[in-house]
Amino acid sequence: MTTTNDWRGVAAENRDDEMPDKVSLVLKERSRRLLGDLLRPHKTILIWLMVAVLIENAARLSVPYLVKEGIDNGIPPILAGDGSKTLMTIVAILLVAVLVQAVTRQFFLMLAGRIGQGVLLSLRRRVFSHFQKLSPAFHDGYTSGRVISRQTSDVDAIYELLETGFDGLITAVLTMFGTAVLLLVLDLKLGLVALLCFPLLYLLTRWFRTESAKAYRRTRETVAVVIVHFVETMTGMRAVQAFRRERRNQDIFESVDDDYRRANERAFRLVGLFMPGIKLIGNITIGVVLIYGAHLAFNNEVTVGVLAAFLLYLRQFFDPMQEISQFYNTFQSASAALEKLSGVLEEDPSVPEPQTPIALPEAHGALHLDHVSFSYVEDRVVLPDLELEVPAGMTLALVGTTGAGKTTLAKLVARFYDPTDGRITLDGIDLREISEQDLRTAVVMVTQENFLFNGTVADNIRFGKPDATVEQVVGAAKAIGAHDFIVALPEGYETDVANRGGRLSAGQRQLVAFARAFLADPAVLILDEATSSLDVPSERLVQRALRTILTDRTAIIIAHRLSTVEIADRILVMEHGLIVEDGSPADLVSAGDGRFSDLHDAWVASLA
Amino acid sequence: MSAQTAGTASATPPRQGGVRSLWRLRSYMRPYGSSLVIMATTAVTGVFVSISIPLVTKAMIDGPIADKEAGPILPLGLLALALGVVEAALILIRRWVQARAVLGFETAVRDDLYRHMQDLPMAFHGHWQSGQLLSRITVDLSALRRFMGFGMLFLVINIIQLTVVTALLLKMYWPLGLVVAVSAIPIILLSRRFEQKYVVVSRQVQDQQGDVATAVEEAAVGFRSIKSFGRRPHMEEKFGRHTKTLYDTSLEKVRLSSRFWTFLEVIPNISLVIVLLLGALAVGREDISPGTLVAFIILMLQLIWPIEALGFILAMAQEAMTASDRVLDIFDTESTVQGGDRELERPRGHLMFEHVDFHFPDSDCLVLRDVNLDVAPGETIAIVGATGSGKTVLTSLVPRLYDVTAGRVTIDDVDVRELTLPSLRTVVATAFEEPTLFSMSARENITFGRPDASDSDIAAAIETAQAGFVHELPWGLDTRIGEQGMSLSGGQRQRLALARAVLARPRILVLDDTLSALDVHTEALVETALRRVLADATGIVVAHRASTVLLADKVALLQDGTITHVGDHHELLATVATYRDLLAGDADEESLAAEGRGALR
């Protein structure tokens, strides 16, 4: 039994979930644009923020200088018996500096926090709304897992940068340069000696930056594998236990967990080298400054106060180095996140809303597919050239093997996709010219995917018509045959369907979805395998209901089971995107030699 | 998948075990005992080294500089240098040792948690969302790791440093020392108060982040339903509400922490002002030397970090205690499904249900009551029943995914609870209606229950399940499928799950409505192949359609949780109205069928 990565199998490169190899401090143009967009509303505050941060740092940097002044200029007058006036002045100034620093710091933190949160709020809403606006075609290729991680971990990465990154970086940079300048001003020679550590610091930081970027990426990759394996085990526990999978899973988990541990250990050890490295450079510098400074002081070239100020400044000088190096990791993941998010935000919906929609307040449901052709990918035509007229009120059934193009046809009518060629009209209006709101009111599609939203059963039925009364909700459930099981639930219609439908069986979920569609009362109803999870009696109830429901509306029904198809006015048998048979059920059966009649015979035989 | 997603409220209220819970996890640290000793020694030594550097500075200022004597400058300076190098070296050693120890600790706990969770029964997993379990192996373990490696150590070190330095300062010049000591009091008091408030707000933020994440997930997964009904505005409005709440709470958190951090900085600065004032006056009165004043200020500044850190170290400790509570919640949950000690040597596959009752652990409502069923070795039985009649639960009692609440299930006259779990689950394999595929290669998914299956066995299972499409995947059987790989259709997934069950070569094969997503044509092919498999094995087939029922030798009708009829399909069709109702078409369909027959004639 191996625990190598064989078990994972091969998958196409999925660059978007990985960290880039190299990060430059220059953001891609679209990321910059997005950041600019997000920050623009806060322009005035940003200026205040800059002012605050400059004042704060000036105040912070003045403290050691004032201490030096106190020692060099405040003490001698007292020793000379001239009183403490100078000292008092200096101390008063110091007090002011300290208070100014506190006030500006508080001001800065508040403003930065407000901007950060504001940016996050608008980013979250924007991305959410954009994902919702994008067409199903996009979502077909972009798994929901990726949609979720764009909106959680990527947004978190940007939050991290806003919350800690910028504050740390700005303060660190200002402190470093301010300190360097002050040291040179205080004493040129001693300052130059102190700044000798600069090249060393630079080299150490650069080395750490590149190495930690790699290490950090590796930890992200390895932890992702751990999480995926863990979550899948937990959600698939039924299969795991039924197939005695625990041992092998444990081996796999321990091996991926160990990869994660090793990646982490490498990252920790890098920090474990970097931090003491900075400390070492700092301590050596302090030692050298102490020796040289003492020498200069011995020769009366510098005062004790200057020496003290130097030692205080040097302390301040090295601490921010750690901030700077950590900023890189934060920045790295944030810039990767920004890139992915800006990429998503630049996706255009492939089924755009019309600029000037034609109003369709009250649809009748007459459909016309006017020489429609469609392909998901170029050169692989799914529907070559479809010509189909569906009068208002007709119930149309689509039959055929998997891949015949039935679902595609349904998706085109629901405008999940737009035809590659030709056009589809509803009551004579091209679907592309109807507003999203009107279209969705007129056309509703129910699929096998019966998603239940968090909330009660009633909420879920009401999803089809938000303003529906309780009576209407109950009425819909009754019409579809869902009422009985709903009232048998612990809290009836008010039962929470937490955990995506938790205890409701697949069939029950489907009934709720049906009731939802029924309540929405569309002119065109599309049922794509919508009864596949129902048992025969429930299905029969639904069919009986459909007979009444469908009399005054257009319907397109796709089903594997003939019992579902049988209520149709007209049946299309499809194969490879072509309509091979077309007629009423009775006609097709009595024709006797077609595909439908073959299917029908097989079905009849199974009932006998 | 972010940790925040998982950070929503826990399912059980946290116990107030705190320190005791943390203590109980100590055994995981045991292998690293010597590491802990090294970490503590280097850390404490480091404190003394860092304190001694300012003292050297003091000696320098008060000695050679004041006395105008050049001799000691170099030796003192070199001493400072040497101390500096030693301090850095101590940090290096501590961090390296620490990395190994804490990561080893974290990994060991995680591996054990995973093992334990795999042992816990479905009753547990049905109750816990995977996100909550995930947050335990990620967020909680990180909190523990941080505390073990960092918090605990620095809690001790900082207290040592505070005491030693304060004592030193008091000894150097007690009035100034007193100023410093007194200034620490408001910080420590306020840290506590702040921390309590902060914990509340942070938890709120965490919960609300969870709500936002839930809304995101819902909108992502339910996208097609939202689109279908044109309910984007509604979802956006709902999401907008969640984000606004999060925004408000986050601002509150910012307000709180900005005040606190500012306060933390301003207190030491103000005591610096006082120290400078009093110190300079003292130097003026020649109570202390200038060197003492400089050393005093440097030492005082060394105190800022330990004092500041106390607040968040305490928060870290709090977090670690909650985390250990949450981790122990899992460890303390004992598996209610414990294997017995018997093994079936040569199982024949004689399956019996005797007076079986079942209800879910969190409800008293009986799902199954007094179920009696006898399936002879090699026989295949179809279970037919309306939606919600308990068919799936019935089948999950056999491999003990759930345990009966009364009565017993036996295989070859042995109660399944007396068998070891591996032995039982070798005998039984299930193909579920909603198949779970894992983000692994297609091969790994098929050999899920039999990792050592040969290539020809795999090929045969694929053949039986009509899952030949796997050969057409870009990398054949090595192609990764599941959420992280190629996506498959419902029918393809079902066929893979079927191949998985068939490959396990069980004596008892359970097919839980496995063919529901197949089209008629494929279904017919699969059924033909299954007939061969079921010829040898005992089979339970949950069926909705007549064609599937025909796989079985006999049929059991499940109504309201109990078996009312057992018999031959045609016999039941003829005699039992409910059965006819469940499996046959209704009047209209029959008339259509009659029409069809008429047309054929």
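Start with the nonpolar core of this predicted model. Select the largest one: it has 341 residues. Colour A:Phe310, A:Val413, A:Phe514, A:Ala515, A:Ile526 and B:Val384, the members with the most contacts inside that core. Then show helix H10 of chain A, residues 304-346, which gives the largest share of the core, 21 residues. A second core lies apart from it; this one has seven residues, including A:Ala52, A:Val53, A:Ala112 and A:Ile170. In soluble globular proteins, nonpolar side chains tend to be buried together.

Centre the view on A:Ala515. Beyond its neighbours within four places in sequence, A:Ala515 is in contact with A:Ile461, A:Ala476, A:Ala477, A:Ile480 and A:Ala482.

**Strand S8 of chain A**

Next select residues 554-558 of chain A, which form strand S8. How many of its five residues are buried? Five of the five are, and the strand is mostly covered. In a regular strand the side chains alternate between the two faces of the sheet. In S8(A), one side carries A:Thr554, A:Ile556 and A:Ile558, and the other A:Ala555 and A:Ile557; every one of these is buried, and both faces are covered.

Add strand S3 of chain A, residues 395-399, which pairs with S8(A) in the parallel sense over four bridges. To find the register, pick A:Ala397, whose bridge partner in S8(A) is A:Ile557. Then add strand S7 of chain A, residues 524-528; it runs parallel to S8(A) and is joined to it by five bridges. Here A:Ile526 stands opposite A:Ile556 of S8(A). A:Ile526 was already coloured as one of the core residues with the most contacts.

**Domains of chain A**

Colour chain A by domain: domain 1 takes 26-186 and 326-350, domain 2 takes 188-301, and domain 3 takes 367-607. The centres of domain 1 and domain 2 of chain A, taken over C-alpha atoms, are 23 Å apart. Where these two domains of chain A touch, seven residues of domain 1 are in contact with eight residues of domain 2. On the domain 1 side, helix H5 (144-186) and H10 of chain A each supply at least two residues. H5(A) gives the largest share of that side, with four residues. By class, the domain 1 side has five nonpolar residues, two polar and no charged.

**Between the chains**

Now show both chains. The contact between them takes 146 residues from chain A and 147 residues from chain B. Select residues 246-298 of chain A: this is helix H9, which gives the most to the side of chain A that touches chain B, with 30 residues. That side of chain A divides into 71 nonpolar, 49 polar and 26 charged residues.

**Chain B as a whole**

Hide chain A for a moment. Chain B contains 20 helices and ten strands. Its C-alpha trace spans about 125 × 55 × 50 Å along the principal axes. The radius of gyration of chain B is 36 Å, whereas a compact globule of 601 residues would have one near 25 Å. Of the 601 residues of chain B, 50% count as buried. Among its contacts between residues at least 6 apart in sequence, 79% join residues at least 24 apart.

Colour chain B by domain as well: domain 1 is 15-331, and domain 2 is 351-436 with 506-600. The C-alpha centres of these two domains of chain B are separated by 59 Å.

**Three residues of chain B**

Go to B:Gly491, in helix H15 of chain B, residues 490-503. Is B:Gly491 buried or exposed? B:Gly491 is buried, because 21 other C-beta atoms lie within 10 Å. Bring chain A back: leaving aside neighbours within four places in sequence, the contacts of B:Gly491 are A:Thr402, B:Ala517, B:Leu518, B:Asp519 and B:Thr522. B:Glu523 is 32 residues from B:Gly491 along the chain, and their C-alpha atoms are separated by 9.6 Å.

Move to B:His355 in strand S1 of chain B, residues 351-358. Its phi is near 45°, a positive value in a residue other than glycine. B:His355 counts as exposed because 12 other C-beta atoms lie within 10 Å.

End at B:Asp560, in the loop between strand S9 (554-559) and strand S10 (562-567) of chain B. Phi of B:Asp560 is also positive, near 50°, in a residue other than glycine. With 14 other C-beta atoms within 10 Å, B:Asp560 is partly exposed.

Methods. Residues numbered from 1 in each chain as written. Chains lettered and ligands numbered in written order. Predicted model: local features only at pLDDT ≥ 70, side-chain atom pairs only at ≥ 80, totals over all residues. Core = buried A, V, L, I, M, F, W, Y, C linked by C-beta atoms within 7 Å. Buried ≥ 20, exposed ≤ 12 C-beta atoms within 10 Å, placed from the backbone. Rg over C-alpha atoms; globule rule 2.2 N^0.38 Å. Nonpolar A, V, L, I, M, F, W, Y, C, P; charged D, E, K, R; others polar. Domains from an automatic or database assignment. Pairing = 2+ DSSP bridges.
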